[in-house]
Amino acid sequence: MKLKETFEQYLKYLEEQGRDPKTIQEHRRLINGSLAHSISEYDISELKMTDVSKVIAAGREHGQYGSQRSVVILRRLLKYIKDSGTSIPFDWRDIVVPKVPQKPAEYLTPKELELIFNALNISNPAGLRTRALLEVLYATGMRIAEAISLNKADIDWEHKEAMVTNAKTKEIEKIYFTEQSLLWLKRYLDSRKDTLPALFVSGRGRMLSVTSRNYIRTHLWHLGIRKHIKHHLFRKTFATHLIQGGADITSVGDLCRHKSPRTTLRYYAAVNKERSKEIHQKILGKIQNI
């Protein structure tokens with residue numbers, strides 16, 4: 001059996017598992033790209049460990065992280081094939097994932113957050129809605145898909161919390177608001193004249209993430225902040241500020257609702273790297289002044 005004959009079966013398996021549509025889309029993109037253009041015609045029984053180099057080479061056509069992601073997907077595909085009862089010539093766990101330059105830690109400083117919030121024109125409905133949304137994203141660490149899926153009835157105003165469906169795992173989880181985020185949320189809801197159940201709306205229905213994304217691009221580009229201001233940046237800022245404030249790794253993982261502790265560790269590694277100079281000067285400076 002040729003490797004390409006397993007592609008659609010594998011993608012269907014991901015759907016049956018309830019994997020995030022964006023994850024499935026990324027798998028499909030690289031399967032139909034780097035895998036299809038390198039080893040798809042090979043018989044599974046004749047695959048060799050050295051064939052991974054072809055996947056790496058083809059993956060370079062898909063950006064800086066294309067090779068790494070392609071190999072990760074190949075590993076998962078081979079695991080699926082093995083678990084399905086088809087023998088493969090080697091252990092998929094022996095495939096080494098290529099290293100790539102680590103993305104620089106990107107988050108907003110308190111000053112940049114203030115600049116963004118103050119730049120929004122809250123005298124118009126779209127500006128007020130965006131201010132409330134960004135305040136909520138920063139305060140809760142929610143993903144945009146999670147935030148726009150909420151209804152007004154989901155908010156427990158007394159306990160400053162809500163139950164949300166994790167966009168990655170589909171599990172029902174609890175998130176927490178701050179007093180400030182609830183004040184802006186209430187201000188936005190009080191300004192609405194509709195009776196729609198959705199927490200964030202646009203026109204006659206639930207707001208789409210692209211609506212907010214376009215508004216952010218249009219109204220915040222002039223601020224001079226050399227960072228990609230998007231919804232997910234507020235989630236990254238949420239996690240980073242928790243760590244900078246002294247939160248322990250378990251609490252940060254729980255509040256971010258990370259599926260893997262490794263994700264939380266990456267945030268810690270990024271923050272600690274930034275603190276390296278401060279620690280160096282603080283410790284060695286004291287010793288040399290003795």
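# A walk around the chain

Of the 290 residues in this protein chain, 40% count as buried. Keep in mind as you look around that this is a predicted model.

**Stop 1: the whole chain.** Start with everything selected and a cartoon view. You should find 12 helices and 5 strands in the protein chain. Its C-alpha atoms fill a box of roughly 70 × 65 × 35 Å along the principal axes. Now think about which parts of the chain touch each other. Among contacts with a separation of 6 or more, 62% are between residues 24 or more positions apart.

Switch on the surface next. The accessible surface comes to about 16,900 Å², and carbon and sulfur atoms account for 53% of that. Colour by charge if you like: the chain has 49 positive and 32 negative charges, and the mean positions of the two sets are 5 Å apart.

**Stop 2: a nonpolar patch.** Select Ile279, Ile283 and Leu284. Together, Ile279, Ile283 and Leu284 make a nonpolar patch on the surface, with about 250 Å² of accessible area. Leu284 belongs to helix 12, which covers residues 261-288. Is Leu284 buried, partly exposed or exposed? Leu284 counts as partly exposed, because its relative accessible area is 38%, and buried would need under 20%.

**Stop 3: two salt bridges to compare.** There are 17 salt bridges in the structure, and here are two to try. Show the side chains of Lys54 and Asp51. Lys54 and Asp51 form a salt bridge, with their closest N and O atoms 3.3 Å apart. Lys54 is partly exposed at 36% relative accessibility, whereas Asp51 is buried at 7%.

Now jump to Arg93 and Asp91. The side chains of Arg93 and Asp91 also meet in a salt bridge, at 3.0 Å from N to O. Arg93 is exposed, with a relative accessible area of 54%, while Asp91 is partly exposed at 27%.

**Stop 4: Arg257 and Glu146.** Select this pair and zoom in. What joins the side chains of Arg257 and Glu146? A salt bridge does, with 2.7 Å from N to O. Arg257 sits in the loop between helix 11 (249-256) and helix 12, and Glu146 is in helix 7 (residues 144-149), so the pair ties together parts 111 residues apart in sequence. Both Arg257 and Glu146 are buried. Add Arg143 and Glu173 to your selection, and you have a network: salt bridges with shared partners join Arg143, Glu146, Glu173 and Arg257.

Stay on Arg257 for a moment and look at its backbone. Arg257 has a positive phi of about 60°, although it is not a glycine. Why is that worth a look? Most residues other than glycine have a negative phi. As for its side of the accessibility story, Arg257 has a relative accessible area of 6%, so Arg257 counts as buried.

**Stop 5: Lys170.** For the last stop, select Lys170. You'll find Lys170 in the loop between strand 2 (161-165) and strand 3 (172-176). What is the phi of Lys170 near? Phi of Lys170 is near 70°, a positive value in a residue other than glycine. Turn the surface back on around this loop: Lys170 is partly exposed, with a relative accessible area of 41%. Flip back to Arg257 to compare the two: Arg257 is buried at 6%, whereas Lys170 is partly exposed at 41%.

Terms used: Residues are numbered from 1 along each chain as its sequence is written. This is a predicted model: local features need pLDDT of at least 70, side-chain atom pairs count only at pLDDT 80 or more; totals for chains, interfaces and linings use all residues. Side-chain values use heavy atoms; hydrogens and water are left out. Helices (H or I, at least four residues) and strands (E, at least two) are DSSP runs, numbered from the N terminus. Buried means under 20% relative accessible area, exposed over 50%, partly exposed in between (1.4 Å probe, protein chains only). Contact means heavy atoms within 4.5 Å. Accessible areas come from the Shrake-Rupley method with a 1.4 Å probe; for residues, only the protein chains shown count as cover. Lys and Arg count as positive and Asp and Glu as negative; His and the chain ends are not counted. The place of a charge is taken as NZ of Lys, CZ of Arg, CG of Asp or CD of Glu. Patches are made of residues with over 30% relative accessible area and no salt bridge: like charges are joined within 9 Å, nonpolar side chains (Val, Leu, Ile, Met, Phe, Trp, Tyr) within 5 Å. A salt bridge is a side-chain nitrogen of Lys or Arg within 4 Å of a carboxyl oxygen of Asp or Glu.
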